[in-house]
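Take a walk through this structure, one part at a time. Keep the sequence and the 3D view side by side as you read.

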Amino acid sequence: MWAECVCGSPLTDHERVLTRALTSSPPRYLLEQRDVEVNVRDKWDSTPLYYACLCGHEELVLYLLANGARCEANTFDGERCLYGALSDPIRRALRDYKQVTASCRRRDYYDDFLQRLLEQGIHSDVVFVVHGKPFRAHRCVLGVRSAYFANMLDTKWKGKNVVVLRHPLINPVAFGALLQYLYTVASKPGTCVKVLTIEPPPADPRLREDMALLADCALPPELRGDLGELPFPCPDGFNSCPDVCFRVEGCSFLCHKAFFCGRSDYFRALLDDHFRENEELEASGGLPAITLHGISPDIFTHVLYYIYSDHTELPPEAAYDVLSVADMYLLPGLKRLCGRSLAQLLDEDSVVGVWRVAKLFRLARLEDQCTEYMAKVIEKLVEREDFVDAVREEAAAVAARQETDSIPLVDDIRFHVASTVQTYSAIEEAQQRLRSLEDLLVSIGLDC
């Protein structure tokens, strides 16, 4: 009710639905899992930030601003949000607004995962007791991030599940800071945490590149030659201490439950919640083995590198197969990588097919890129049978479609055509594109 008082008139049904969606559905899911554009506009030229200001949701306003919502002073968006803000705290937040760059606003799930791994000690395999205070850790992370730990875990501390440190120069606060560094900070040349006289990680690595070493070590020997020269080959004698084996078409990948369970709900159910694809078998080294079906070793290698390092070199021709597996394994970040790879394929022949894939796998950003490309070549697309079929299917998907109902695909194309208008000559070009689209709708009986 208080949102309706701002304008002195009731909210429209559209505004009511959108504001309810913004407040009941976590915006974090939409922005970070579905990759929805934070400054997306509806047909009333309104953004999520405007509706959040209008309804007085201060926490949501702060979240949107922190993730790149635009509201610069003396602009349409900025003045509209400021005028419509329901409370003084929201107005102050808008006035204090600072531009957030794309690189800064991206929520980093990978760093969050590593922080949780450290704080919660999920699947830890070693405990350090420093003057009575315990610290749960993972041999694989310590060994791959520090040559000192790699050596000690393979010699003096080998086979020990509990390591007691009583040296007077090692205190719990310093040791906790050291672990924080090893788990969450990308190393830089010339920097080193001066605790335990530990050497910094290898020259010029970054955190994710260090973690990719674990993926290197998990690869079956028969696959390593197919990948070319690895950027960080496994150190001689390095033991990554795997605790699970995944068998994929006869290939054995020696991996770590902490990474697979922490990165994927699918693998957490598979390994932690007693949901088994098949009976556990004994692999080499006595590790429990899980056989994965419906995936090739090459595709699983992409999954492996993504899980350990949050990145994988993904050629467009492999993106379709990886996307299907990423969806099955509940890896939204890998799906977004596939979407970015598929966006490189866009041309007149492929755009409709890629658009269908984007809708099927709910890749909002890729879907928008497809409709933007369609808008540029619409005069050629209207002559293609696959595009006509797509328009018909979109129209049929609108439940109980009335004459005044719009077709989502057509609406998106119209939006992108209109958004390109900058000059008078561009207006004529846009009108010609829109006429081509309207002529198509008339010809197939879908004009509205």
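## Aromatic rings, a sheet and two unusual loops

F113 has a relative accessible area of 2%, so this residue is buried. The model you are looking at is predicted. Y110 is buried too, with a relative accessible area of 0%. Both residues belong to helix 9, which runs over residues 109-120. They are three residues apart there, so about one helical turn separates them. Their ring centres lie 6.3 Å apart. The planes meet at 45°, so this pair is tilted.

Now turn to F260 and F300. Their rings form a stacked aromatic pair, with 6.2 Å centre to centre and 15° between the planes. F260 sits in helix 15 (residues 257-263), while F300 sits in helix 17 (residues 297-309). The pair therefore ties together parts that are 40 residues apart in sequence. F260 is buried, at 0% relative accessibility. F300 is buried as well, with a relative accessible area of 0%.

These four residues share one aromatic cluster, whose members also include F246, F253, F259, Y266, F267, Y308 and Y329. The count of aromatic pairs comes to 21.

Some rings have a charge over them. R263 lies over the face of Y306, at 4.6 Å from the ring centre. The charged end of R145 sits over the ring of Y181, 5.7 Å from its centre.

Next comes the sheet. Three strands form an open sheet in the order 2-1-3, and the pairing is mixed. Strand 2 and strand 3 (162-165) stand at the edges. Each has a single partner strand, so one side of each is left without a neighbour in the sheet. From one strand to the next, the twist averages 20°. Strand 1 pairs with strand 3 in the parallel sense, over four bridges. V129 stands opposite V164 in strand 3. Helix 12 (residues 172-184) packs on the sheet and touches strand 1, strand 2 and strand 3. The direction of helix 12 makes about 10° with that of strand 2.

Finish in the loops. Most residues other than glycine have a negative phi. H131 is not a glycine, yet its phi is positive, about 50°. H131 is found in the loop between strand 1 (126-130) and strand 2 (133-137). With a relative accessible area of 45%, H131 is partly exposed. L330 is not a glycine either, and its phi is positive at about 60°. L330 is found in the loop between helix 18 (316-328) and helix 19 (332-342). L330 is partly exposed, with a relative accessible area of 45%.

Key:
Residues are numbered from 1 along each chain as its sequence is written. This is a predicted model: local features need pLDDT of at least 70, side-chain atom pairs count only at pLDDT 80 or more; totals for chains, interfaces and linings use all residues. Side-chain values use heavy atoms; hydrogens and water are left out. Helices (H or I, at least four residues) and strands (E, at least two) are DSSP runs, numbered from the N terminus. Buried means under 20% relative accessible area, exposed over 50%, partly exposed in between (1.4 Å probe, protein chains only). Two strands pair if DSSP finds at least two bridges between them. Axes are lines fitted to C-alpha atoms, for helices over the stretch in contact, and angles run from 0 to 180 degrees between N-to-C directions. Contact means heavy atoms within 4.5 Å. Rings of Phe, Tyr and Trp (its six-membered ring) pair if their centres lie within 6.5 Å; planes under 30 degrees apart count as stacked, over 60 as edge-to-face and the rest as tilted. A charge sits over a ring if NZ of Lys or CZ of Arg is within 6 Å of the ring centre and within 35 degrees of the ring normal.
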